[in-house]
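Biologist: Before I plan any bench work, could you take me through the cysteines, the sheet and the charged pairs of this model, one question at a time?

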Amino acid sequence: MAAGGTGGRTYSFKVVLLGEGCVGKTSLVLRYCENKFNDKHITTLQASFLTKKLNITGKRVNLAIWDTAGQERFHALGPIYYRDSNGAVLVYDITDEDSFQKVKNWVKELRKMLGNEICLCIVGNKIDLDKDRHVSVEEAESYAESVGAKHYHSSAKLNKGIEELFLDLCKRMMETAQAEERLKGNGASQSASSRRGVQIVDDEPQATPAGGCCSSG
Amino acid sequence: MSQRTERRGGIHVDQSDLLCKKGCGYYGNAGWLGLCSKCWREDYQRVRQKQIQDDWALAEKLQREEEAAYASSHGAQTQSQSTAPQPHPGHASLGPFSKFEEKKTNEKTRKVTTVKKFFSPSSRTAPKKETPEGKTPSPSVSRRASFDTDQVTKDFADFLKNLHKPGREIQKQCRAFIVNMSGKKDLGADELSECVQDFYQNLADRLMGHFKGSSESVEQVMDQVEKYIMTRLYKSVFCPETTDDEKKDLATQNRIRALHWVTIEMLCVSMDEEIPEVSENVVKAITDVIEMDSKRVPRDKLGCITHCSKQIFSAIRTTKNEPASADDFLPALIYIVLKANPPRLQSNILYITRFCNPSRLMTGEDGYYFTNLCCAAAFIEKLDAQSLNLSPEEFERYMSGQASPRCNSSEGDWTRAEPPPAPVNPVLAQLNHNLEVLSGLSSRQETLMEAAQSLQADLLSWPGSVQREVDDVLAKYPLEVPSRTVSAIDDNDVDNDNLPPPLTPQVFAG
Ligand SMILES: Nc1nc2c(ncn2[C@@H]2O[C@H](COP(=O)(O)OP(=O)(O)OP(=O)(O)O)[C@@H](O)[C@H]2O)c(=O)[nH]1
Ligand SMILES: [Mg+2]
Ligand SMILES: [Zn+2]
């Protein structure tokens with residue numbers, strides 16, 4: 001499944017945003033990709049699919065962020081959304097205990113369905129409302145650690161912690177992709193060929209003796 | 001007249017139009033020329049089998065021609081003109097292809113009629129399809145069909161020409177692949193998909209070497225490869241007979257029909273169709289998603305979904321005045337799918353999943369919209385009372401047709417042809433106007449018919465009534481021949497004798 005870039009120069013990653021309604025998922029991505037918050041005059045047509053191009057230590061990364069419908073009646077559709085994703089950003093609202101519970105449920109489901117292939121981020125949003133905090137920092141952080149996820153604190157309103165969390169996530173996804181590539185053997189050209197007799201034909205004698213594609217240079 | 005009774009529900013489809021033309025009682029499908037799947041199979045399996053064989057023979061033939069074209073286009077530019085495939089004499093023998101294309105053309109016609117069904121007061125006004133028997137493909141149709149495929153082949157050759165050496169390599173690989181696939185007609189859909197996906201993967205990996213890791217260039221080439229290969233393979237791998245895709249299509253189609261009563265409010269869609277731009281967006285979105293079925297290349301199908309989604313985003317943005325999030329988008333898409341009932345929805349979804357270039361599906365924007373379409377289809381399949389915030393009883397009553405929510409909440413329902421409170425959208429206003437004119441015409445025609453009929457009745461009864469009058473008169477004044485009492489002038493009459501003698505001329509002196 002190499003959704004992460006093969007070839008090693010440009011990586012393409014799919015990241016799904018999960019979390020209860022009103023925790024600030026949409027606000028987070030809009031802040032991250034367009035640096036906008038709750039501005040009624042924004043020109044953005046939609047905030048459900050956004051992309052960001054990054055350059056991390058000389059490697060290009062195309063990040064595609066998929067918003068998901070958070071309403072309960074759409075819960076069953078989760079697997080359709082998150083299949084083949086490289087990362088998940090699980091958002092809760094620090095003033096809302098229930099939303100943290102929801103995150104725990106998502107983590108369970110994702111680990112069950114996708115195993116450790118997916119990089120998980122747990123994000124406590126709205127830290128500008130710290131006086132109303134209902135989820136303790138220690139509890140959240142130790143939970144995240146226990147499930148192999150990273151924990152971040154953010155505020156879409158104040159633009160805090162957002163760049164960091166996505167940058168971090170990208171780095172982790174790159175590591176995962178590189179590890180996968182190494183497993184496959186260097187160079188992806190060997191991958192999965194000639195199952196079922198479909199193969200890339202190598203030079204057969206032909207009118208013009210053109211070199212094989214890899215012999216150039 | 002029928003216009004009268006069917007006018008209220010703009011979306012109403014006459015049941016008899018939906019039934020299999022063979023009269024077996026099952027539903028027919030326009031894609032099968034009005035037959036049900038069983039009758040269609042019986043009638044056409046044999047023919048189709050032969051078609052498939054002929055098609056493969058043809059594909060190989062085209063392959064050789066194309067090689068020649070490729071070689072000559074590399075050699076002399078002028079020569080390539082002579083091998084240009086358009087009015088090729090060899091295409092007189094393109095029977096099977098054109099038949100296939102004909103089915104496709106019918107699908108296009110169906111697309112139009114489906115859209116019409118939304119607006120026409122009676123589905124009976126939709127053009128009737130010809131029966132398949134005794135239908136000879138018109139030369140123009142077959143020419144266009146082969147032209148399409150040839151055009152794709154030619155475009156591909158032209159595209160590869162600019163790539164120089166990698167172009168030759170790609171051309172060779174694709175050719176070998178298509179020939180290879182022609183020997184695998186009997187494989188199941190998953191295996192076919194795997195073959196194609198393996199091919200994409202291997203070729204993309206190879207190209208990575210050529211383009212020194214520039215994934216943009218590789219993507220660009222892979223798009224062309226997909227277009228070429230899938231145009232060639234489409235007819236044998238779209239809704240293949242080894243699968244029950246077709247059955248799923250019918251199930252979905254019927255399911256959506258059964259859900260005709262679902263309103264925009266139940267789905268909590270944030271699109272206000274009272275706003276002219278929004279209702280325009282909605283109509284366009286419906287058209288786009290229906291159009292998907294008429295495309296052959298997975299990426300073109302994706303393009304239709306993306307267009308549809310963009311219309312939805314505009315509609316939401318106009319309504320809410322803020323960018324649409326997934327929570328706005330998905331319900332709206334579900335609503336559009338319910339309204340459109342896109343032809344062969346499951347087949348199209350499966351075809352895209354199986355044969356689309358994976359990088360598009362997994363991370364691209366098109367992939368996001370496609371995923372949402374998959375979600376919409378899954379939601380519709382599983383939809384129950386809870387998903388619409390209804391009580392199970394209500395849901396049952398709506399499903400069984402015992403009650404209709406439309407009667408209570410007609411406001412904002414654009415499918416209704418009743419005069420709206422205020423003309424909202426020029427298109428809708430025009431539509432309403434047309435509907436009024438049509439119903440006016442129809443009532444005038446009715447009056448005319450009535451008048452004509454009474455005239456006919458009058459004419460029929462006229463001789464009778466005349467007869468009766470004559471009889472009456474005759475009865476009243478029976479014919480009696482009186483004795484001859486009247487004297488004739490020229491009789492030698494005795495009375496003459498009583499007359500004075502005739503005057504005699506007199507001469508006067510003077
Ligand atoms: N104070 C504060 N408010 C926030 C923050 N982030 C989001 N909000 C507010 O929270 C509300 C919900 O934000 P959204 O971004 O729409 O939340 P969502 O998770 O996308 O919600 P759904 O789309 O319904 O699932 C809005 O009123 C935002 O203004 C934050 O960091 N601080
Ligand atoms: Mg949102
Ligand atoms: Zn039948």
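The questions and answers below concern a predicted model.

Biologist: How many disulfides does a search of the whole structure find over all chains?

Modeller: A disulfide needs two cysteine sulfur atoms within 2.5 Å of each other. For A:C170, which is in no disulfide, the nearest cysteine sulfur belongs to A:C121 and is 9.3 Å away. Over all chains, the search of the whole structure gives a disulfide count of zero.

Biologist: Which cysteine has the sulfur closest to that of B:C304, and why do the two form no bond?

Modeller: B:C304 is a buried residue, at 5% relative accessibility. Its closest cysteine sulfur is 9.2 Å away, which is too far for a bond, and it belongs to B:C308.

Biologist: Is A:C170 buried or exposed?

Modeller: The cut-off for a buried residue is a relative accessible area under 20%. For A:C170 the relative accessible area is 0%, so the residue counts as buried.

Biologist: In what order do the six strands of the open sheet in chain A lie?

Modeller: The pairing in this sheet is mixed. Its edge strands, each of which pairs on one side only, are β2 (49-56) and β6 (150-153) of chain A. Neighbouring strands are turned against each other by 25 degrees on average, direction ignored. Read across the open sheet of chain A, the order is β2-β3-β1-β4-β5-β6.

Biologist: How many bridges join strand β4 to strand β5 of chain A?

Modeller: Strand β4 covers residues 87-93 and strand β5 covers residues 119-125 of chain A, and the two run parallel. Within this pair, A:G87 of chain A stands opposite A:C119 in β5(A). The number of bridges joining β4 and β5 is seven.

Biologist: Which helix of chain B lies across β2 and β3 of chain A?

Modeller: The helix in question spans residues 365-382 of chain B, and β3 of chain A spans 59-67. The helix runs at about 25 degrees to β3(A), and its name is α16.

Biologist: Which residue meets B:D158 in a salt bridge?

Modeller: The partner lies with B:D158 in helix α6 (residues 139-161) of chain B, four residues apart, or about one turn of the helix. B:D158 is partly exposed at 28% relative accessibility, and its partner is partly exposed at 30%. The N to O distance is 3.6 Å, and the residue that B:D158 meets is B:K154.

Biologist: How far apart are the closest N and O atoms of B:D223 and B:R360?

Modeller: Both residues, B:D223 and B:R360, are buried. Their salt bridge has its closest N and O atoms at a distance of 2.6 Å.

Biologist: How many residues apart are B:R344 and B:D293, which form a salt bridge?

Modeller: The closest N and O atoms of B:R344 and B:D293 are 3.1 Å apart. The pair links distant parts of the chain, with B:R344 in the loop between α13 (326-340) and α14 (345-355) of chain B, and B:D293 in the loop between α11 (276-291) and α12 (298-320) of chain B, and the separation is 51 residues.

Biologist: Which residue is linked with A:E20 and A:E72 in a network of salt bridges?

Modeller: Over all chains, a search of the whole structure finds 19 salt bridges. The residue that is linked with A:E20 and A:E72 in a network of such bridges is A:K102.

Note on methods:
Residues are numbered from 1 along each chain as its sequence is written. Chains are lettered from A and ligands numbered from 1 in the order in which they are written. This is a predicted model: local features need pLDDT of at least 70, side-chain atom pairs count only at pLDDT 80 or more; totals for chains, interfaces and linings use all residues. Side-chain values use heavy atoms; hydrogens and water are left out. Buried means under 20% relative accessible area, exposed over 50%, partly exposed in between (1.4 Å probe, protein chains only). Two strands pair if DSSP finds at least two bridges between them. Axes are lines fitted to C-alpha atoms, for helices over the stretch in contact, and angles run from 0 to 180 degrees between N-to-C directions. Contact means heavy atoms within 4.5 Å. A salt bridge is a side-chain nitrogen of Lys or Arg within 4 Å of a carboxyl oxygen of Asp or Glu.
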